[in-house]
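Here is a short report for a first look at this structure. Keep the sequence and the 3D view at hand while reading.

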Amino acid sequence: MLRRIRRPEAPESLLRNWSPIPVGEPNIAYAAYFSDRSYLNPLARSPVESEGGTFEPFCRNDWHIHQAESGGWQILIVAEGTGLCQEWGCPARQLVTGDAVFINPNVKHWLGGAPDECFRHIAIEIPGTSNSTQRLERGRDADYLKTTQKLRAIPTNL
């Protein structure tokens with residue numbers, strides 16, 4: 001089991017002043033599908049939905065699938081910080097400011113921040129038919145930490 005040092009709330013200055021994309025509000029509606037604190041900031045609703053998402057350190061979402069009969073792609077653009085994205089059966093990919101990720105519909109994946117810094121991104125949902133999100137299992141803490149250690153030199157005492 002992942003042992004982690006008890007950490008204080010993220011300082012307001014860290015969450016509010018480090019990116020041109022506002023943090024938004026605490027992600028209460030979808031909190032059950034995240035391992036830690038996250039925030040959402042709706043940017044546009046029509047004709048293409050987009051949201052700013054901020055993950056505090058250690059935060060990641062559960063495995064999930066954006067289902068669609070046609071269309072339904074997701075584009076993620078990293079605004080600040082370091083994050084990770086992994087598709088089922090593939091190695092995780094480290095994401096840094098300026099990276100863009102294209103996620104095909106009907107692909108199991110997860111997204112999250114690094115254990116040592118906040119991660120902010122813009123998620124753009126391309127319209128499709130019969131769109132829905134299938135929420136799946138939470139990734140294991142030990143697997144997450146092992147993945148982050150492979151991608152970056154993360155301290156092992158977290």
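## Helix α2 and its packing

The buried residues of α2 pack against two strands, β6 (74-87) and β9 (109-113). The model is a predicted one. Which residues of α2 are buried? They are Tyr144, Leu145, Thr147 and Thr148. Viewed down the axis of α2, these buried residues fall within an arc of 160°, so they line one face of the helix.

The face turned away from the buried side looks outward in its residues: Lys146 and Lys150 there are exposed.

## Tyrosine 144 and its aromatic partners

A search of the whole structure finds six aromatic pairs. One of them joins phenylalanine 58 and tyrosine 144. Their ring centres are 6.3 Å apart and their planes meet at 50°, so the pair is tilted. Phenylalanine 58 lies in the loop between β3 and β4, while tyrosine 144 lies in helix α2, so the pair ties together parts that are 86 residues apart in sequence. Phenylalanine 58 is buried, at a relative accessible area of 4%. Tyrosine 144 is buried too, at 2%.

Tyrosine 144 also pairs with tryptophan 110. How are these two rings arranged, edge-to-face or stacked? The pair is edge-to-face, with 6.3 Å from centre to centre and 65° between the planes. Distant parts of the chain are linked here as well: tryptophan 110 is in strand β9 and tyrosine 144 in helix α2, 34 residues apart. Both residues of this pair, tryptophan 110 and tyrosine 144, are buried.

Elsewhere, Phe34, Phe55 and Phe119 form one aromatic cluster.

## Charges over rings

The ring of tyrosine 144 has a charged neighbour. The charged end of arginine 60 sits over this ring, 4.3 Å from its centre. A second case involves lysine 108, which lies over the face of tryptophan 63. The distance to that ring centre is 5.6 Å.

## Arginine 60 and aspartate 141

Arginine 60 also takes part in a salt bridge. Its side chain meets that of aspartate 141, at 2.4 Å from N to O. This pair links distant parts of the chain, 81 residues apart. Arginine 60 belongs to the loop between β3 (49-55) and β4 (64-67), and aspartate 141 to helix α2 (residues 141-151).

Is arginine 60 buried or exposed? It counts as buried, because its relative accessibility is 5%, under the 20% cut-off. Aspartate 141 is partly exposed, with a relative accessible area of 31%.

## Other salt bridges

The count of salt bridges comes to seven. One of them joins arginine 140 and aspartate 143, whose closest N and O atoms are 2.9 Å apart. Arginine 140 is exposed, with a relative accessible area of 55%. Aspartate 143 is partly exposed, at 36%.

Another salt bridge brings together the side chains of arginine 45 and glutamate 49, at 3.3 Å from N to O. Arginine 45 is partly exposed, with a relative accessible area of 44%. Glutamate 49 is partly exposed as well, at 39%. These two residues belong to a network of salt bridges that links Arg45, Glu49 and Glu51.

## Strands β1, β2 and β3

Strand β1 (residues 25-26) and β2 run antiparallel and are joined by two bridges. Proline 26 has tyrosine 39 in β2 as its bridge partner. How many bridges pair β2 with β3? There are six, again in the antiparallel sense. Here proline 42 is matched with glutamate 51 in β3.

A hairpin of four residues joins β2 to β3. Proline 47 has its place in the loop between β2 (38-44) and β3. Proline 47 is exposed, with a relative accessible area of 68%. Its C-alpha atom is 9.8 Å from that of glutamate 125, although proline 47 and glutamate 125 are 78 residues apart along the chain.

Terms used:
Residues numbered from 1 in each chain as written. Predicted model: local features only at pLDDT ≥ 70, side-chain atom pairs only at ≥ 80, totals over all residues. Heavy atoms only, no water. Salt bridge = Lys/Arg side-chain N within 4 Å of Asp/Glu carboxyl O. Buried < 20%, exposed > 50% of the residue type's maximum accessible area, 1.4 Å probe, protein only. Arc of directions from axis to C-beta. Contact = heavy atoms within 4.5 Å. Phe/Tyr/Trp six-rings, centres within 6.5 Å; stacked < 30°, edge-to-face > 60°. Lys NZ or Arg CZ within 6 Å of the ring centre and 35° of its normal. Pairing = 2+ DSSP bridges.
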